[in-house]
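Work through the exercises below with the model open beside you. Try each task before reading its solution.

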Amino acid sequence: MIKSSLWLVVPFIAFGTAWQALADDKPSPSAAASSRSEWVDETRCQSCHTEQHADWLNSHHQLAMQPANDDTVLGNFDQQSLTSDTETSRFFRRDGGFWVNTPNAEGKPTDHPVAYTFGVEPLQQYFLQLNDGRLQSHGAAWDVPEQRWFHLYDGDAVDHQHRLHWSGAQQNADFMCIECHTTGFQRDYDPVANTYSSKWQALGVGCQSCHGPAAGHLQWAESGNKAANGRGFEANLMGTAREPETCARCHSRRMTLDNGYTHGNQLLDDYLPVILSADLYEVDGKIKDEVFEYGSFQQSRMHAAGVVCSDCHNPHSVELRAPANAVCTQCHNPTGKATRAGIDASGLQARNYDHPAHHHHPAGSPGSQCVSCHMPGKLYMTNDLRHDHSFTSPNPLQARELEHSDACLGCHQQTEDKVAAAFQQWFPDAQPRDGGYARDLHTARQGLPGAAQALTRQLARTDLADIRRATLLSELPNYPSTAAQQAVVEALNSPSPQVRHTAAGLLGSLTAANQQIRLLTPLLEDPVRAVRLEAAWQLLQLAAGANVEPPVLRQLISEYEQSQRTMLERAESQLNLAGIYQVTGRQADVEPALQQALRQDPTFHPARIMLAQWREQSAGNPEAALKLLRDSIEQYPQEPSLQHAYGLALVRQRQYEQALQALKRAHELAPEQAEYGYVLAVALHGSGQAEAALDLLRSQVQAQPTNRRARQALISYLRSAGNQVEADSLLAELAAQNPGDPLLRR
């Protein structure tokens, strides 16, 4: 599980003997055991399920991954070349196969065979086979409609030293891609040899990808006991609430918690879906970055009403159930009745939504299509149009005020005023149907007056989607108060594992350490794995202050460590393991884990920074630490985290002038990073440059009104300078944001 790095929060510590009350706790339960059926040859399914098999043939699911041959490769490999802003690749044929000559991990042009195709439309990518068994996804793709090569990262300076280079860990198909493009995938990584022997039951997304291993189903079909639960499968997907989670295993932005998934598990036993963070979603919930479908659908009124994926999509052909608007008018029609009994139809209105009286566009025009207004699309990977699945309604007035996108404003070329006026004329009584969610979230994220009350107001709702509740909770650390603390503590008992997981991760910013220990310990036996892992992670960070004996701590976090060990090929896991070794007394294992992380991904700078800190503080060799950071900066001069770490290391060695230059450089490279700006301001003030520090903090608070630490430092420095008036003004702004902020009581 890729988490925030231990090195940021767990210093080098000595253990005592306290916290013994936890020593007798039983080990955390593992994920629910599954009586995994055996996989069967998928051709056995078609004899009984002829219609479903016919739908599946030649679908995007079936063709998701194929061996590279004359029938499957769509790109032109006839001595073609492609030049991006950093590299040139050449595509050619040799010995009956398909090859790419492209810069390798050292930047040297090298020939690599194409082993598999990846997708079929609107673009096709290619997996290159390396000698250690790895399959790597190349950055060049074939534009199927335009019949041309293009580079997915053209203009992003992706060369062999970049994290997104095709030869690096971020493009390792074994870990990042293949699981969702095959059936019965098993990632088989040998950490000693650093090789892969991954395997799968079948290429493409087949029957058992969703339904699970089918040996039990075949036994059920051949037996006379037709009443058996699940028809011999471990999970019944037919029209149940489980179906969206099954699809979400691939159709979501998520982090893996282990080596793949187990059929029958809850989604959060195997994966951790992201919440609606500002970098991924707009404030009204529409997609911003590439997040696939689950996150947006999870917050929709459709999901709340019990609509599932297969109500709109044929899961076997991956096509819509009906053409164009007809898929929507299955439910949204003049009868006001849902297409099936399991859907809550209480919110439906009997109306002809497919009439110009509703959409105000000529029949058959793009504007008359339901998806144009309620599922606006965005292009990802250059030419892949993805439709938003939160099913929002246009509202240009709110969009202008809250600065989010809008279907009307995005489609029409007239001035915004004309579009807004037309919308008001057509829909004079239109009001946002989100219960004020977008407006209140905007208020909180912008640090506007009433921000804390806006969050409290939304969290008090009983009709709030779980993913939105988790998102709102994540904003509370910016507005600490008794009410915020209570909201997070109450969320630990939510029926939603996503909400419980989020709340567990927030305790540290809102509650005292002893209270955190008391609240987190029961979560080590939560029925859902993601929650247990988060509780273990948080308890690990508390170890220093609680003086936990290493054997006790190892027992408490055993499941978390086991989770990391299933992903030993990932630099992130090696970093997390190094942190675990550090706080559980296994000092000899720390540096080898960090070195392994850097071998696996030389661009993973947190491991390099932790290694420098380890050499400085544990090995007592500050000069070795400084040299490592200097060498790293020479290799990666544009990486702000290295400059920041170097500056802090110099401060610890009392080399203040050089430290200040490094901290300035980090801030220049990443002015949006609040931590860099704050540390630089403190350094400036400490070096006697009070006015420069004040100016920097003023700019930080103006750009990031929710930045409490910068505001607190600015108030303190202003008071020291005798500027009580400006300090009081900043406190008044804080009181307007959050009247319960503890700073106001000082």
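**Exercise 1. How are helix 31 and helix 33 oriented to each other?**

Solution. Helix 31 and helix 33 are roughly parallel (angles under 35 degrees count as such, over 145 as roughly antiparallel, 65 to 115 as roughly perpendicular and the rest as oblique). Now the numbers. Helix 31 covers residues 674-686 and helix 33 residues 708-720; they pack at about 20 degrees, with axes 10 Å apart. Axes are lines fitted to C-alpha atoms, for helices over the stretch in contact, and angles run from 0 to 180 degrees between N-to-C directions. Helices (H or I, at least four residues) and strands (E, at least two) are DSSP runs, numbered from the N terminus.

Before going on, note the basis. This is a predicted model, where local features need pLDDT of at least 70 and side-chain atom pairs count only at pLDDT 80 or more, while totals for chains, interfaces and linings use all residues. Residues are numbered from 1 along each chain as its sequence is written, and side-chain values use heavy atoms, with hydrogens and water left out.

Next, the residues that touch. Contact means heavy atoms within 4.5 Å. From helix 31, Glu675, Tyr678, Ala681, Val682 and His685 meet Arg709, Ala710, Ala713 and Tyr717 of helix 33. By class, this contact of helix 31 with helix 33 has six nonpolar, one polar and two charged residues. Ala, Val, Leu, Ile, Met, Phe, Trp, Tyr, Cys and Pro count as nonpolar, Asp, Glu, Lys and Arg as charged, and the others, Gly among them, as polar.

**Exercise 2. Find how helix 33 runs against helix 34, and which residues make the contact**.

Solution. Start with the geometry. Helix 34 spans residues 724-737; helix 33 packs on it at about 155 degrees, with the axes 8 Å apart. That angle makes the two helices, 33 and 34, roughly antiparallel. Then list the contact. Helix 33 gives Arg711, Leu714, Ile715, Leu718 and Arg719, and helix 34 gives Gln724, Glu726, Ala727, Leu730, Leu731, Glu733, Leu734 and Gln737. The contact of helix 33 with helix 34 divides into seven nonpolar, two polar and four charged residues.

**Exercise 3. Which cysteines does the disulfide join?**

Solution. The structure holds one disulfide (a pair of cysteine sulfur atoms within 2.5 Å). Cysteine 180 is joined to cysteine 250, S to S 2.3 Å. Next, place the pair. Cysteine 180 sits in the loop between helix 2 (173-176) and strand 10 (182-183), and cysteine 250 in the loop between helix 5 (242-248) and strand 14 (254-256). The link ties distant parts of the chain, 70 residues apart.

**Exercise 4. Why does cysteine 48 form no bond to cysteine 45?**

Solution. Check the distance. The sulfur of cysteine 48 is 8.8 Å from that of cysteine 45, the closest cysteine sulfur, and that is too far for a bond. Then check exposure. Cysteine 48 is exposed, at 62% relative accessible area (buried means under 20%, exposed over 50%, partly exposed in between; 1.4 Å probe, protein chains only).

**Exercise 5. Is phenylalanine 175 buried or exposed?**

Solution. Phenylalanine 175 is buried, with a relative accessible area of 13%. This residue lies in helix 2. Leaving aside neighbours within four places in sequence, phenylalanine 175 is in contact with Arg187, Thr256, Met567, Glu569 and Arg570.
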